[in-house]
Amino acid sequence: MKRKLLDYLCCPACAVRLDLTEVVVTEGEEIMQGRLGCAVCKSVFPIVRGVPRFVSSELLQADKAATAESFGWQWQHFTHTDELYGDQFLGWIAPVEPNFFHNKIVLEGGCGKGRHTELAARWGAREVVGVDLSSAVETAFAATRNLENAHIVQADLYHLPLARVFDYAFSVGVLHHLPDPRAGFRSLASRVKPGGHLSVWVYGAENNGWITRYINPVRKVTSRIDQRTLLQASKFPAALMYLATKLVYGPLNRGVGGRELASHLFYNDYLNAISKFGWREQHTIVFDHLVAPTSHYISREEFAEWWNDVHASEVQIGWHNSNSWRGFGKI
Ligand SMILES: C[S@@+](CC[C@H](N)C(=O)[O-])C[C@H]1O[C@@H](n2cnc3c(N)ncnc32)[C@H](O)[C@@H]1O
């Protein structure tokens with residue numbers, strides 16, 4: 001943890017700034033082991049392996065813990081990066097462009113292995129704080145510790161230990177995994193200062209009826225399987241998707257005259273987008289779909305209500321890859 005993160009942290013219960021009460025081990029700028037304390041309620045939060053931890057056993061209510069634990073293992077296994085992540089990220093947060101990050105104080109809700117926290121830092125954010133509930137923070141910390149403007153915090157989106165100081169917050173692929181996605185959205189928005197912006201990307205209800213009907217029951221089983229076993233088992237559906245995208249969807253969509261034909265294929269926009277990725281990323285995507293015990297599919301109508309709830313203005317809602325909603329608005 002870099003000392004300047006103290007400017008953004010606050011007690012999740014009392015909302016007052018935290019004190020750095022003990023520093024045990026440092027490595028360069030990083031406090032690797034130490035303690036943070038709240039002068040009001042006397043709560044103590046440890047800094048372990050460079051990451052301030054705000055996750056207590058009471059906070060980890062069963063369903064949230066299961067989701068986070070699944071992802072924690074996933075992001076510690078799939079630690080690779082991909083040169084396509086930048087474009088993919090921009091697709092999820094459009095109309096935001098890299099220069100939008102310049103000099104902004106940025107929050108990422110549910111940073112996983114830290115790939116987008118890293119991009120935001122590289123794209124010129126003044127500071128970026130990536131928060132995740134799971135042990136994925138270990139990977140995120142390793143990926144970003146050398147960036148002087150990147151910070152990783154282990155905490156729950158519903159109880160963010162952060163002040164309302166952010167110029168921009170974003171969350172991609174996270175809220176639909178929460179037991180109450182709308183409450184997660186409100187919590188994220190509550191840390192954006194008035195006039196700041198928010199981007200969120202979630203699975204859409206529209207066009208995904210087949211997933212809720214056929215894949216959700218499968219997921220109820222696969223999310224309970226030991227993850228090493230699931231890793232092997234998920235190679236079979238991943239291989240089918242990989243072959244379909246590499247042999248059919250990709251070539252047809254990119255070939256002369258093939259686009260019209262491809263537009264009639266099942267789930268074409270999404271599978272075409274995925275076709276650019278190699279095996280490892282496609283395997284991650286399939287594993288990701290099978291490992292999460294909770295997944296909500298959000299209709300456009302409901303998504304628009306979320307933005308109304310927080311009185312956002314200039315809201316732009318876009319349909320992404322014909323299967324998901326991305327939103328951008330001013331708080
Ligand atoms: C599908 S991953 C997406 C990660 C990252 N946004 C990305 O696109 O690479 C969902 C992430 O949300 C995190 N998560 C789930 N519930 C959470 C919660 N209540 N608070 C914070 N993070 C949470 C998981 O641990 C996981 O890393």
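Tutor: A polar contact is a pair of N or O atoms within 3.5 Å. This definition is applied here to a predicted model.

Student: How far is an oxygen atom of the ligand from an N or O atom in the side chain of S134?

Tutor: The pair consists of a ligand oxygen and an N or O atom of the S134 side chain. The cut-off for a polar contact is 3.5 Å, and this pair falls within it, at a distance of 3.1 Å.

Student: Which residue has a backbone N or O atom 2.9 Å from a nitrogen atom of the ligand?

Tutor: Two ligand atom types are to be kept apart here. A ligand oxygen lies 2.6 Å from a polar side-chain atom of D132. The ligand nitrogen, by contrast, has a backbone N or O atom at 2.9 Å, and that atom belongs to V172.

Student: What percentage of the area that the ligand exposes when taken alone does the protein bury?

Tutor: The reference is the ligand taken alone, which exposes 600 Å². Of that area, the protein buries 98%.

Student: Which element gives the largest share of the shell around the ligand?

Tutor: Two elements give two or more residues to this shell, namely α1 (62-77) and α3 (115-122). The shell holds 21 residues, of which G110, R115, D132, D156 and V172 come nearest to the ligand. By class, ten are nonpolar, five polar and six charged. The largest share, four residues, is given by α1.

Student: Why does the largest cavity lie between two domains, and which are they?

Tutor: By the rule applied, there is one cavity of 30 Å³ or more, and the largest cavity holds about 50 Å³ of space. Its lining includes M1, K2, E30 and G50, as well as F141, T144 and H151. Because both domains give residues to that lining, the cavity lies between domain 1 (1-53) and domain 2 (85-204 + 299-330).

Student: Which element gives the most to the lining of the largest cavity?

Tutor: The lining divides into four nonpolar, three polar and three charged residues. Among the lining residues are A150, H151 and I152. The elements that give two or more residues are α4 (136-144) and β7 (150-154). The most, three residues, comes from β7.

Student: Which loop residue has a positive phi although it is not a glycine?

Tutor: Most residues other than glycine have a negative phi, and most peptide bonds are trans. A cis peptide bond, with omega near 10°, runs from A94 to P95, and P95 lies in the loop between α2 (85-93) and β5 (105-109). The positive phi, about 75°, is found in the loop between β9 (192-203) and α6 (209-222). The residue is N207.

Notes: Residues are numbered from 1 along each chain as its sequence is written. This is a predicted model: local features need pLDDT of at least 70, side-chain atom pairs count only at pLDDT 80 or more; totals for chains, interfaces and linings use all residues. Side-chain values use heavy atoms; hydrogens and water are left out. On a 1 Å grid over the protein atoms alone, a cavity is a set of points where a 1.4 Å probe fits but cannot get out, and a pocket is an open set with protein on both sides within 12 Å along at least five of seven lines; lining residues have an atom within 4 Å of a point. Grid points are joined across faces, edges and corners, and a volume is the space filled by probe spheres set on the points. Ala, Val, Leu, Ile, Met, Phe, Trp, Tyr, Cys and Pro count as nonpolar, Asp, Glu, Lys and Arg as charged, and the others, Gly among them, as polar. Domain bounds come from an automatic or database domain assignment. A residue is near a molecule or strand if one of its heavy atoms lies within 4 Å of it. A polar contact is a pair of N or O atoms within 3.5 Å; within protein, one must be able to donate a hydrogen and the other to accept it, and residues adjacent in sequence count only if both atoms are side-chain atoms. Accessible areas come from the Shrake-Rupley method with a 1.4 Å probe; for residues, only the protein chains shown count as cover.
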